[in-house]
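Open the model in your viewer and keep the selection tool handy. We will go from one stop to the next, with a word on what to look for at each.

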Amino acid sequence: MFSPATAPVSRPIAAEGMSATEYLQKSRDDLRGFATRCSRGTVGLGSADEERASTIGDSTTRDLQSFRETISWFPRSKKIETDSTDDNQIHSPIGRFGYPAIALGQTFLRELERPERFVITFEPHLRRYTFKQILSLFERLQVDIGQPQAATTLSELRATLTTAYKRSALNPETRNLATAISLLQDFLRPHWSRIAAESLNEIRKDLLWLTSQSELNAQVLQKFYRDLTVVMGQPLSFEINDEDELDETTE
Amino acid sequence: MKRQNELSGGKSSEPRSKSFLDTSAVQKLQIGHSRHKEYLTEAIPKTWYVNNYVRMEFFRTLLMNWVSLYFESEQPSHKTFGDALKYFSDEFGRVPKSILNGVASMLEVEGFSMSDPADKEYCRQKLQDVIFAIAFQFDTAFVNTGIDPTSCTRVRHALRLPLAEERDAVLRQLSLTFYDVAECRSRCKVENMFGVKKYADRMQAVSVIHAVGTAKQAIGKISAAITKAQGAPENITCRSCGSIGDAVIAVSLDQLWKLHSMDNAHRLIAESLQLECEIHPSLKRLLKPDSEQPESEG
């Protein structure tokens, strides 16, 4: 299979007579185009990448086609180290795909979105990606608790859980991941307005444990349920209030 | 043997009577208002025991309705999950609407749309997750005594999470088994309640309860159904068994147990059987401003 890491390196080449500013502009355009292709999410490689890949040979191009059909791209932050303070000095550390990361003078490009391959139909990848998102929101919520912005973070977390559920619920491969998210939703629902930072910390540990499992099977989910019960102290809640109807237990 | 000893009070350090929960209390602990759950969790000493018959009643009242709704909502005639919910609620009037509304409000809180056809399948899958989660929760929260004189066979196995692709099949099988009442009746031994002396005598005691007030109607129905069943136990059906459910549960308990219920009829039934019983307050009563620390009615 085609591996981007082994693709030929392609640096922006400074044309004769090109000034440093023009070179920088060209590099920025290159980066912008690359970022756009990455942000498409499920479109795979762009035409420039295919063109580059075609230089390797026909078989690689064929691999690339199937590769494009099955993968999605998710950005991963890569910190670019630079200590440049010289306006005229251009650093072009070559990224994984041969694109330069640039730091010019005081204009530090500290974070460069770097793509990482995830096959979202492959449950462990989707699980890792999903829980990473949730854990990151948990971390943020722990800081925000007691602050006015906590409600916004909670809203974001709930939306993230729902999106994650929808992403995983209809595929048999990832169905158990949806069940894990569903348990999380059900356990957190009664506690949204008064969730404690300590509880979030314990749930984070449970999620990390869940991420480390090789397979999300029924036994793993049952343990996850028990762990959540220990942390939240209350079983699933549906808040059904109608007394008269619920008390009707005869057939 | 160890389990039998434990159930019969083999450990002297434990309280004399153990907590046996009626279906009404089980439901409140499973899907009730959080305030009610907190109260019951405090008020009912653990361990919480139930039997096979209570499990059947819990499935009948709650989970089987959700399972039916799950398959009903699969029909293409229901464009949205809300359509299926409304159809189910209107068509089957006996199904407590609150149970259906509980599902609807839960889904809406989570951000699933009742009116968007694109969300219909997500709602169905979420409902499926809830069914399995509640079934698992029932098995972890309550201990089955293993004592059920009726040997009810409507829920023959614990409902556990199967492989993803087998989930529908498992729910379908559960439903088919549960509603095959002729087969279930042919396997059960509900006639023991009228043929075995220790149970028959207690059933007789329940059938002659003289009730007044709010419980009069409920007790009257139970007495009439018991009298009819005493005449021809072989003619008892799952439906008629359902109408004497409160009596079946109480009669199957002996003095080692304390019955915890939300149902006022149980107070009179327990009195007639000289069974320790506690009737817990309703949510309405619990939430009244002047009942900060409600006293149970038992």
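## Salt bridges first

Across all chains, the structure holds 18 salt bridges. Keep in mind as you look that this is a predicted model.

Start by selecting Glu139(A) and Arg204(A), whose side chains meet in a salt bridge with an N to O distance of 3.2 Å. Glu139(A) sits in helix H4 (residues 123–144) of chain A and Arg204(A) in helix H7 (residues 197–212) of chain A, so the pair ties together parts that are 65 residues apart in sequence. Switch on the surface and compare the two partners: Glu139(A) is partly exposed, with a relative accessible area of 41%, whereas Arg204(A) is buried, at 18%.

Stay on helix H7 of chain A for the next pair. Select Lys205(A) and Glu202(A), which form a salt bridge with their closest N and O atoms 3.3 Å apart. Both residues lie in this helix, 3 residues apart, or about one turn. Lys205(A) is partly exposed, with a relative accessible area of 47%, and Glu202(A) is partly exposed too, at 34%.

## Across to chain B

Which residue of chain B forms a salt bridge with Lys166(A)? Select Asp119(B): the closest N and O atoms of this pair are 3.0 Å apart. Lys166(A) belongs to helix H5 (residues 150–169) of chain A, while Asp119(B) is in the loop between helix H6 (97–109) and helix H7 (120–141) of chain B, so the pair joins two chains. Lys166(A) is partly exposed, with a relative accessible area of 23%; Asp119(B) is buried, at 6%.

Now add four residues to your selection: Asp186(A), Arg189(A), Glu110(B) and Lys126(B). They are linked in a network of salt bridges.

## Chain A as a whole

Select chain A and colour it by secondary structure. You should find 9 helices and 2 strands, running α-α-α-β-β-α-α-α-α-α-α from the N terminus on. Of the 251 residues in this chain, 44% are buried. Among contacts in chain A with a separation of 6 or more, 64% are between residues 24 or more positions apart. The accessible surface of chain A is about 12,900 Å², and 49% of this area belongs to carbon and sulfur atoms.

Next, colour chain A by confidence. Its average pLDDT is 69, and 48% of the residues score at least 70. Go to residues 1–10 of chain A, where the pLDDT is below 50; the model gives this stretch 23 contacts beyond near neighbours in sequence. Then move to residues 244–251 of chain A: here pLDDT also stays under 50, and the model has 28 contacts beyond four places in sequence. Where pLDDT is low, the predicted coordinates should not be read in detail.

## Chain B and the nonpolar core

Switch the selection to chain B, which has 16 helices and 5 strands. Buried residues make up 56% of its 298 residues. The accessible surface of chain B comes to about 13,300 Å², with 51% belonging to carbon and sulfur atoms.

Which residues touch the most other members of the largest nonpolar core? Select Phe59(B) and Trp66(B), which hold that place in a core of 126 residues. The largest share of this core, 13 residues, comes from helix H4 (residues 52–72) of chain B. In soluble globular proteins, nonpolar side chains tend to be buried together. Zoom in on Trp66(B) and show what surrounds it: leaving aside neighbours within four places in sequence, its contacts include Ile31(B), Ile99(B), Val103(B) and Leu127(B).

## Two serines to finish

Select Ser19(B), in strand E1 (residues 18–21) of chain B. Is Ser19(B) buried or exposed? Ser19(B) is buried, with a relative accessible area of 5%. A polar atom of its side chain lies 2.7 Å from the backbone oxygen of Pro45(B). Beyond four places in sequence, Ser19(B) touches several residues, among them Ile44(B), Trp48(B), Trp257(B) and His260(B).

The last stop is Ser223(B), in helix H12 (residues 216–231) of chain B. Ser223(B) counts as buried, at 11% relative accessibility. Not counting residues up to four places away in sequence, Ser223(B) touches Val206(B), Ser207(B) and Ile209(B). To end, draw a C-alpha to C-alpha distance from Ser223(B) to Arg185(B): the two are 22 Å apart in space and 38 residues apart in sequence.

Definitions and conventions:
Residues are numbered from 1 along each chain as its sequence is written. Chains are lettered from A and ligands numbered from 1 in the order in which they are written. This is a predicted model: local features need pLDDT of at least 70, side-chain atom pairs count only at pLDDT 80 or more; totals for chains, interfaces and linings use all residues. Side-chain values use heavy atoms; hydrogens and water are left out. Helices (H or I, at least four residues) and strands (E, at least two) are DSSP runs, numbered from the N terminus. Buried means under 20% relative accessible area, exposed over 50%, partly exposed in between (1.4 Å probe, protein chains only). A polar contact is a pair of N or O atoms within 3.5 Å; within protein, one must be able to donate a hydrogen and the other to accept it, and residues adjacent in sequence count only if both atoms are side-chain atoms. Contact means heavy atoms within 4.5 Å. A nonpolar core is a set of buried Ala, Val, Leu, Ile, Met, Phe, Trp, Tyr and Cys residues joined through side-chain atoms within 4.5 Å. pLDDT is the predictor's confidence in each residue, from 0 to 100. Accessible areas come from the Shrake-Rupley method with a 1.4 Å probe; for residues, only the protein chains shown count as cover.
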